[in-house]
Amino acid sequence: MGQKKLKRFAELLQFSNVLQNPEGMQGTWQQYFNNNQPLTLELACGKGEYALGLAQMHPQRNFVGVDLKGNRLWVGAKKATAAGLSNVAFLRIQIDRIHEFFAPGEVEEIWITFPDPQLRISKDKKRLTHPKFLRLYQQILQPGGKINLKTDSPVLYEFTLKVIEIYGCTLHQSTDNVYAQPQIDPELQIKTHYEGLDIAGSNKVHYVCFSLPAMLPGAELDVRLHEMLKEEAGVD
């Protein structure tokens with residue numbers, strides 16, 4: 001590991017706005033931020049551009065960027081400190097442990113911005129809008145809490161729409177080309193490092209906003225979802 005990363009990892013331990021696998025955080029986020037403002041998460045936040053942008057845009061809300069990559073979180077934490085943003089923090093954990101760090105109903109909204117689309121069908125369960133993850137989000141979201149996906153991957157976009165339909169979610173908004181809209185919500189104009197790379201090569205940014213039903217169908221439907229994906233792709 002390079003000296004630069006080692007130095008950043010050491011500094012992370014000193015940052016008051018970075019928590020690394022903290023214990024006893026469920027139900028205590030209002031105390032952490034010292035207010036009772038609504039809480040929004042950015043999952044797979046990378047350098048935290050979205051969490052930072054939303055925190056500047058909505059000073060009356062609290063934001064937590066979640067990622068495992070300490071080197072990237074260091075960038076977001078430094079920028080938050082430099083900008084004097086007291087309503088944003090960063091949590092270094094595996095996302096599949098998210099339910100261990102937030103209490104039921106403690107989170108009002110979730111943003112998933114340019115995550116790895118996990119294009120191989122054999123890895124569909126790793127997609128952050130897969131029902132496996134939605135069940136985790138359901139444990140911490142308020143009833144009717146919104147989930148926002150912004151991606152340049154048409155595969156992840158179409159997959160998410162399919163999940164919304166099959167699993168009885170409520171679709172609030174979707175577009176396969178954000179920047180072609182006559183009016184663009186300021187929240188959707190925030191750009192991340194990965195958006196600028198246009199890794200998918202689609203030259204389009206897709207967006208979906210939805211909420212979960214009172215109870216998601218069980219894991220047995222996940223098997224059918226996987227088979228549908230294989231059939232559509234012509235994979236045995």
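**Exercise 1. Decide whether Ala51 is buried or exposed, and describe its surroundings.**

*Solution.* Ala51 has a relative accessible area of 1%, and the limit for a buried residue is under 20%, so Ala51 is buried in this predicted model. The next step is to place the residue in its element: Ala51 lies in helix H3, which spans residues 49–57 and is mostly covered, with seven of its nine residues buried. The buried set in H3 consists of Glu49, Tyr50, Ala51, Leu52, Gly53, Leu54 and Ala55. Turning to contacts, and leaving aside neighbours within four places in sequence, Ala51 touches Glu42, Phe63, Gly65 and Val88. As a last step, the separation from Asn87 can be considered, which is 36 residues in sequence and 9.7 Å in space between the C-alpha atoms.

**Exercise 2. Work out how the rings of Trp29, Tyr32, Phe33 and Phe102 are linked, and classify the pairs that Trp29 forms with Tyr32 and with Phe33.**

*Solution.* The whole structure holds seven aromatic pairs under the ring-centre rule. For Trp29 and Tyr32, the ring centres are 5.6 Å apart and the planes stand at 70 degrees, and because an angle over 60 degrees counts as edge-to-face, that is the class of this pair. Trp29 and Tyr32 both belong to helix H2 (residues 29–33), where they are three residues apart, about one turn of the helix. For Trp29 and Phe33, the centres are 6.3 Å apart and the planes are at 35 degrees, so this pair is tilted. Trp29 and Phe33 are four residues apart in H2, and the separation is again about one helical turn. Accessibility is then added: Trp29 is buried with a relative accessible area of 2%, Phe33 is buried as well, whereas Tyr32 is partly exposed at 29%. Finally, ring pairs join Trp29, Tyr32, Phe33 and Phe102 into a cluster.

**Exercise 3. Identify the residues with the most contacts inside the largest nonpolar core, and follow the contacts of Ile98.**

*Solution.* The largest nonpolar core contains 42 residues, and those with the most contacts inside it are Leu41, Ile98, Phe102 and Tyr137. Taking Ile98 and leaving aside its neighbours within four places in sequence, one finds contacts with Leu41, Leu43, Val66, Ile93, Leu136, Tyr137 and Ile140. Apart from this core lies another, of 26 residues, which includes Cys45, Tyr50, Phe114 and Leu188.

**Exercise 4. Explain why neither Cys45 nor Cys209 forms a disulfide.**

*Solution.* A disulfide is a covalent bond between the sulfur atoms of two cysteines. The cut-off needed here is a sulfur-to-sulfur distance within 2.5 Å. For Cys45, the closest cysteine sulfur is that of Cys209, at 20 Å, which is too far for a bond. For Cys209, the closest cysteine sulfur is in Cys169, at 12 Å, again too far for a bond. Both residues are nevertheless buried, Cys45 at 3% relative accessibility and Cys209 at 4%. The search of the whole structure agrees with these distances, finding zero disulfides.

**Exercise 5. Show how strand S8 is enclosed, and name the strands that pair with it.**

*Solution.* Six of the six residues of S8 are buried, so the strand is largely enclosed by the rest of the structure. Examining the two faces separately, His206, Val208 and Phe210 are buried on one side, while Tyr207, Cys209 and Ser211 are buried on the other. S6 pairs with S8 in the antiparallel sense over six bridges, and within this strand Phe210 is the bridge partner of Ile147. S7 is joined to S8 by five bridges, also antiparallel, with Tyr207 of S8 as the bridge partner of Thr175.

**Exercise 6. Compare the span of helix H6 with its expected value, and find which elements its buried residues pack against.**

*Solution.* H6 covers residues 154–166, thus 13 residues, and its first and last C-alpha atoms are 18 Å apart, close to the 18 Å expected at 1.5 Å a residue. Its buried residues are Leu156, Tyr157, Phe159, Thr160, Lys162, Val163 and Ile164. These buried residues pack against helix H5 (131–140), strands S6 (141–151), S7 (170–175) and S8 (206–211), and helix H8 (220–233). Beyond the helix comes Gly168, whose phi is positive, near 70 degrees.

Note on methods
Residues numbered from 1 in each chain as written. Predicted model: local features only at pLDDT ≥ 70, side-chain atom pairs only at ≥ 80, totals over all residues. Heavy atoms only, no water. Buried < 20%, exposed > 50% of the residue type's maximum accessible area, 1.4 Å probe, protein only. Contact = heavy atoms within 4.5 Å. Pairing = 2+ DSSP bridges. Core = buried A, V, L, I, M, F, W, Y, C linked by side-chain atoms within 4.5 Å. Phe/Tyr/Trp six-rings, centres within 6.5 Å; stacked < 30°, edge-to-face > 60°.
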